[in-house]
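User: Please take a close look at one long helix and at what it packs against. How is it placed relative to its neighbours?

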Amino acid sequence: VVFTVRGHPAPEAILRISWSLAVLFMILAAREIYFIRDGTRWMAVEVERESRARSDVLVRHSSDVLMVVDSGLTIRFASPAAVSALGKPADALTGQLLLGLVHPDDIAKGSEFLDRVLRAPGTPQTLAWRLRRADGTYRNFETVGSNVMHESAVEGLVINSRDITDRVSLEEKLRQSQKLEAIGQLVGGIAHNFNNILTSTMMRLSFLRQNPSLPDDVITEIEALDKEARR
């Protein structure tokens, strides 16, 4: 329109117009870049917020006890499942030493387990041990420990424990049942062999009793032995 109305403008005018267009283009481009970056940043914040919210829901509704332990093995966080599994609210566990919950017979292997977790970042370690409830009883737990000290959001050891007391009890009952079955098979085998011996004895007594030359007192003893064998 400018060229049509005014003809051919001077080169200086063309240069000014070009610079104005270039500046306008740069402003518009910068504005778009700003909004794109701002939108990307907003989306990243939303994704992180949703991820944290999802993780929080999973932790709150998980039946596993999730703990975060520092390098000194002090509990810094415990999930709500601690109430049902250990009989203690999460806040009551915070600040306690993890090994203070361990059965005395399991402390040695528990210490060795936690040492492995500390020495092997990124490599999960597993352990079966007993942890004390608030009422003083102990429950069996299967635990997976991971060292995530390098993660700024955690900076600790993640200890995920699942109560397997019922499973351990069933396995123990199964072992006892298998032992009883083995004993039953052994006793049955002994009884079978003993029956064979008694059957042979009764047959020999029967042959002896058929001897007409035996005195009456001997026959009486033979019949008594046969009766005892049959009993």
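Analyst: Buried here means under 20% relative accessible area, exposed over 50%, and partly exposed in between (1.4 Å probe, protein chains only). The model is predicted, so local features need pLDDT of at least 70 and side-chain atom pairs pLDDT 80 or more, while totals for chains, interfaces and linings use all residues. Numbering starts from 1 along each chain as its sequence is written, and side-chain values use heavy atoms, without hydrogens or water.

Helix α6 (a DSSP run of H or I, at least four residues; strands are E, at least two; numbered from the N terminus) covers residues 165-209, 45 residues in total. From first C-alpha to last it reaches 64 Å, close to the 66 Å expected at 1.5 Å a residue (1.5 Å times one less than the number of residues).

Its buried residues are Thr 165, Met 202 and Leu 205. They pack against β4, β5 and α7 (216-230), with contact meaning heavy atoms within 4.5 Å. β4 (138-147) and β5 (157-163) are also packed against by the buried residues of α5, namely Gly 110, Phe 113, Leu 114 and Val 117.

The axes of α6 and α7 come within 10 Å and cross at roughly 160° (lines fitted to C-alpha atoms over the stretch in contact; angles from 0 to 180 degrees between N-to-C directions). The two helices are therefore roughly antiparallel (over 145 degrees; under 35 is roughly parallel, 65 to 115 roughly perpendicular, the rest oblique). On the α6 side, Leu 198, Met 202, Leu 205, Leu 208 and Arg 209 make the contact. Their partners in α7 include Ile 219, Ile 222, Leu 225 and Ala 229, along with the charged Glu 223, Asp 226 and Arg 230.
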